[in-house]
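Here is a short note for a colleague who is opening this structure for the first time. The points below are meant to be read with the structure in view.

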2 protein chains.
Amino acid sequence: MSFELELKRIRDEIVQNLPPEITVTKIEFEGPEIAVYSESEDVAAIETSSTLKDLAKVMRKRVVFRWNVDKRKDPAETKDYIMNLISKDAEIGEITFDHTRGEVIIESGKPGLVIGKKGINLKEIRTNTFWQPKTIRTPPLPSRTIQLIRGMLKKERQTQKDILLEIGKRIHRPALFNNLNIRMNALGGFREVGRSCILMQTRDSNVLLDVGLNVGNPNDRFPYFFVPQFSIRDLDAVIISHSHLDHCGVVPFLYKYGYRGPIYCTLPTRNLSTMLQLDFIQICDKEGTPSPYSKRDVKNAVLHTIPLSWGKVTDIAPDIKLTLHNSGHILGSSMIHLHFGKGDYNFVYTGDFKYQKTRLLEKATVKFPRVEGLLIEATYGGPQDRIPSRQESEKELKQILNSTLKRGGKVLIPVLAVGRAQELLIVLEEYISSGFIDKVPVYIDGLISEATAIHTANPDFLSSDLREKILHQGKNPFLSDFFETVSSQDERADIIGGGPCIILATSGMLIGGPSVHYLKALAEDSKNTLIFVSYQVSGTLGSRIIRGFREFNYIDWKGRTQLVKIGLKVFTLEGFSGHSSRSQISQFLRRIQPRPKVVIVNHGEESKCVSLSTMIHKKLRKSTKSPKNLEVVLLK
Amino acid sequence: MSFELELKRIRDEIVQNLPPEITVTKIEFEGPEIAVYSESEDVAAIETSSTLKDLAKVMRKRVVFRWNVDKRKDPAETKDYIMNLISKDAEIGEITFDHTRGEVIIESGKPGLVIGKKGINLKEIRTNTFWQPKTIRTPPLPSRTIQLIRGMLKKERQTQKDILLEIGKRIHRPALFNNLNIRMNALGGFREVGRSCILMQTRDSNVLLDVGLNVGNPNDRFPYFFVPQFSIRDLDAVIISHSHLDHCGVVPFLYKYGYRGPIYCTLPTRNLSTMLQLDFIQICDKEGTPSPYSKRDVKNAVLHTIPLSWGKVTDIAPDIKLTLHNSGHILGSSMIHLHFGKGDYNFVYTGDFKYQKTRLLEKATVKFPRVEGLLIEATYGGPQDRIPSRQESEKELKQILNSTLKRGGKVLIPVLAVGRAQELLIVLEEYISSGFIDKVPVYIDGLISEATAIHTANPDFLSSDLREKILHQGKNPFLSDFFETVSSQDERADIIGGGPCIILATSGMLIGGPSVHYLKALAEDSKNTLIFVSYQVSGTLGSRIIRGFREFNYIDWKGRTQLVKIGLKVFTLEGFSGHSSRSQISQFLRRIQPRPKVVIVNHGEESKCVSLSTMIHKKLRKSTKSPKNLEVVLLK
């Protein structure tokens, strides 16, 4: 088999580029990485020298070093060594061993202290134990999801290693064609919001960007998988831009139907996606509709996920390299950069992106090594979509909160569990601690707490200010005791019967969950207030209320339908949106480097896609397209 | 199998709609037609009554009646009966019997006389022999191709019947989907001239429009068959607009690789395509390049062809009906009208079309029952493509011929064997017989004579004037004795060494064949003249000379290369073109009824497609697209 020839070629190249004292005993393709096994003690020194970097540059591949099994120190002794080496302040939790990859995984409250200045501790561990140390963070708020994932990966290390070896073989097969004929197949999320799915196809390879669920239309939930050019069997990779269900909600379904290839995304995207997918199964169960996949499929998806950090170039197919970049939308959300062939073509898919710094995140990246084709979202791409500034919206929020609380009302803010919820928590923590608003309880209901816990486990992906506050000033706004997590019907009844308060509850578009329950209870009293802070997909109750409807049918837990009249005040504060406004999109397009030759528009209602596309063509003088679902665009 | 349910349903419907005295013994799906077998003598009467028409209207299917085998008269007796019935003037040739379909096929010089006034003779034959009579014409000029095809079909009647039954089953399977998702896949001939190929795809069906060869680039000859959405196995039908190789040249290749479905086209298109495909194999052999298919594959294509006349609505898939209409480009050339679903969508592909009456043909049709989407050719769609009027070009031709002949020169006109050649023959016949030019020999070399013979076999497809002349005034310009057919090297040497003359020779783009041989011999003498009368595809010698090159390499039969300088006069007379000029395209678009919602442009150099598309958008205010090869457009 031809990947073996490639393995031999790479082995020879590595041996040539290493100092002669280092013996190479084995080389494996471990997914996209090359794992080099050795018995030489000097390898530990290499890791911190420039040799490894030089090697990666020469090879244009990611290389990791491992020691042979017999070289590695006894695990118990290694554990003792590490506990002695690292200061108590690091709050070391569990230390576990991955024998299949020769890694020791150190969980701690403060991974920075485990690593040490310039990685001095890791070097010590390597040199003295011949294990590769890997650090993970104990979330300051406990997360069931992270616990579940870490537990599962611990149990399934051999399975995961086998999966990586299989994936490695496939990635490193030889490319057969010179003329790539790169095609972008619109399978979902074009001229609509929902079920985002793009099939990138060359003569050699097939890659899916996002595999989302149609949130607004449960009768037509899936991307257009039926097209004959899509075949699960031929799929090389799935890349997920971020964890919202309209981008990742159908991923486990692929495993149900036989996909066994990799998923690439950031670590927080993996964690948040898993949380939301498991929640989706529960919602289906509750509603009595069959879920399109089971927990086993979600588990399979996790086992096949290869987490990537931003900026790392990774081989994902014989003719495609992938790099993820910050997109500023939610925790871990990424723009997807694909490099095709040998410099033939570069393509960027923005996913959902925010070209503005928020409290939670840095603004989206605009610098890329090369870009010829750009696929950009148009959620707020319409000419009416002038989102008020962040400052204005914060000011308005303050006023709305104050006047509602002053008149003894309650404020309900429906939020997506991931993204707006955390942004608002930071804002509310500041308002209350600075005395801008009264000190009332902030209730958090639905998946929000769990999502927030996952945020606390991944501070590396937060904005630099927030990271600085959390990691170095020890001020974590998410841990504030203004916040109270709600989880039972009794607690909800108390809140509804109680005094003025602020309630953040899912679902964010009022399609089910506690937010609808609260709305029903609070709707008729005009003292109360409902605030929308995020995009409402067409077809949802949220979108109906925004368009002026002032009553809705509520189905209680006994299945009885009640007509509820809406008397409370309704506000929409678009300034908190995680999407770029039309002018932010335009700014992004003026600043992106280098300039793409063609801009393709997706992820927006039909009229917005067409209007944004026209604007880009006329004002920015770029070639544009706004394809329909099922259409195919030739890139090169 | 479910086509059997459909068969039963149709049988019941037919029996219900027939007079009770007619017994139905068997019903078969014979390709797209329903063949009804009976033993009732009264069927003969039904054929000429309105019952059959009413039935076809009710059924929305084409119905033919047949008698049971035991009912039919003895063939020898039937033959005698026919010979006695029909007048000698009909010039009856062979009379043969198709026992598989109960048809008697009567070849004659004057089929009109066989048919009789209002079909009286056919009715007599039916009533007295219980055979279905079918007439075919003996070409006044003998055609090897027609002889070959008719001989083969005679031998293979059982095979052809079996093929039709298989096709019938496939056409009459039930449609599975309501939502068709009609997609137009550009597989060749988009933003280029050559290898025209369009895959029309619904959720149920797959149909190819044209399967052409890239004439200008022998290194990249085929349409983009590699795309995963194309699968020979899933193909329901191939429809051929006309017989030029850039539209039909790859059809036999499909049979080589396992296609066993039908080809739909007009009868002259079948005959001319077969001629050109067999010639292409010969050219490949001569050039020592392997032909992509063999004679066996061409034969297979003929056996699977279902000839259609213009205006007949035909079921070709569970959700697609086909109708062909005159496109005015060459003999038998058609626009392809597809009706999808139950009135969901109507699509017209113009193919190559001429929106102007010529001597040979009527102008292209503009009236359709419905059209939502239109695919139109852009060969002369550029802003510079102001084709001079036909009158001007004829005047110029007269002047050029006269001045060349007067100075003792020879005129070489490279022509495609099919189309321009016949148009010019008619013009030259008129010029000489009216004394507009000197009476010099007109030499015809290459496939032209054979193509002309096929024209004489199909007068029904010619312009009404010409048909009138040939059929009723007995004046067939193609039979003029001004014309001399050339077939040997000796004859060519005589012509080259001889006096003033006019030479029509293939290939029309000087990519090989006798035209290049003549050019080499006549090139240096400035007394001679070279006239281009048709479109020169980029990459051909013809196109190089038009762009100003005045020398070329000639490879003689010994394989030696010679540099030939061009001293003769070169003229281009675009008024004879079989394509619509930009203004004719524009007129066509203003007059087409009803108005399509979207106009898609193909079959033109990149700049012409884009420019025509822009013009249609700006001046005619229509939604337009000019897709690239490999792109897919969603129609509905």
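**Notes on the predicted model**

1. A place to begin is B:Ile336, which is found in strand S15 (residues 334-340) of chain B. Please keep in mind throughout that this is a predicted model. B:Ile336 has 25 other C-beta atoms within 10 Å, and since 20 or more are needed for a residue to be called buried, B:Ile336 is buried. Leaving aside its neighbours within four places in sequence, B:Ile336 is in contact with B:Leu209, B:Ile239, B:Ser241, B:Leu322, B:Leu324, B:Val348, B:Tyr349 and B:Gly351. For B:Ile336 and B:Arg420, which are 84 residues apart in sequence, the C-alpha to C-alpha separation in space is 22 Å.

2. A second residue of chain B to look at is B:Phe230, which sits in the loop between strand S9 (206-211) and strand S10 (237-239) of chain B. Is this residue, B:Phe230, buried or exposed? B:Phe230 counts as buried, because it has 20 C-beta neighbours inside 10 Å. When residues up to four places away in sequence are not counted, B:Phe230 touches B:Leu187, B:Leu199 and B:Phe225. Of these, B:Leu199 is 31 residues from B:Phe230 along the chain, and the C-alpha atoms of the two are separated by 7.6 Å.

3. In chain B, the packing of helix H1 (residues 2-17) against helix H3 (residues 51-59) can be described in some detail, with axes that come within 11 Å and cross at roughly 140 degrees. The crossing of H1(B) and H3(B) is right-handed. On the side of H1(B), the residues involved are B:Ile10, B:Glu13, B:Ile14 and B:Asn17, and they meet B:Leu55, B:Val58 and B:Met59 in H3(B). Sorted by class, the residues of this contact of H1(B) with H3(B) are five nonpolar, one polar and one charged.

4. The corresponding helices in chain A, H1 (residues 2-17) and H3 (residues 51-59), have axes that come within 11 Å and cross at roughly 140 degrees, and the crossing of H1(A) and H3(A) is right-handed. H1(A) contributes A:Ile10, A:Glu13, A:Ile14 and A:Asn17 to the contact, while H3(A) contributes A:Leu55, A:Val58 and A:Met59. This contact of H1(A) with H3(A) has five nonpolar residues, one polar and one charged.

5. How are chain A and chain B related? A turn of 180 degrees, with a shift of 0.1 Å along the axis, lays chain A on chain B with an RMSD of 0.0 Å. The two copies are therefore related as by a two-fold rotation axis. The same surface serves both copies, in that 100% of the contact residues of chain A recur in chain B.

6. The contact between the chains takes 14 residues from chain A and 14 residues from chain B. On the side of chain A that touches chain B, the largest share, three residues, comes from strand S28 (residues 632-634) of chain A. The residues on that side of chain A divide into seven nonpolar, three polar and four charged.

7. Helix H11 (residues 267-287) of chain B allows a simple check of length: its 21 residues, at 1.5 Å a residue, should span 30 Å, and its end C-alpha atoms are 30 Å apart, which agrees. H11(B) is followed by B:Gly288, whose phi is positive, near 75 degrees.

8. Some details of the backbone deserve a look, beginning with the cis peptide bond that joins B:Thr506 and B:Ser507, where omega is about -5 degrees. B:Ser507 lies in the loop between strand S21 (501-505) and helix H18 (514-522) of chain B. Another cis peptide bond joins B:Gln593 and B:Pro594, with omega about -10 degrees, and B:Pro594 is found in the loop between helix H20 (582-591) and strand S26 (598-602) of chain B.

9. Positive phi values in residues other than glycine can also be inspected, among them that of A:His603, near 50 degrees. A:His603 is in the loop between strand S26 (598-602) and helix H21 (606-619) of chain A, and A:His603 counts as buried, with 30 C-beta neighbours inside 10 Å. In chain B, phi of B:Arg621 is positive and near 50 degrees, and B:Arg621 is found in the loop between helix H21 (606-619) and strand S27 (623-625). B:Arg621 is exposed, with 8 other C-beta atoms within 10 Å.

Notes: Residues numbered from 1 in each chain as written. Chains lettered and ligands numbered in written order. Predicted model: local features only at pLDDT ≥ 70, side-chain atom pairs only at ≥ 80, totals over all residues. Helix = DSSP H or I, 4+ residues; strand = E, 2+ residues; numbered from the N terminus. Buried ≥ 20, exposed ≤ 12 C-beta atoms within 10 Å, placed from the backbone. Contact = placed C-beta atoms within 7 Å. Least-squares fit on C-alpha atoms with pLDDT ≥ 70 in both. Axes fitted to C-alpha atoms, helices over the stretch in contact; angles between N-to-C directions. Left-handed = near helix turned anticlockwise from the far one by under 90°. Nonpolar A, V, L, I, M, F, W, Y, C, P; charged D, E, K, R; others polar. Expected span 1.5 Å × (residues − 1).
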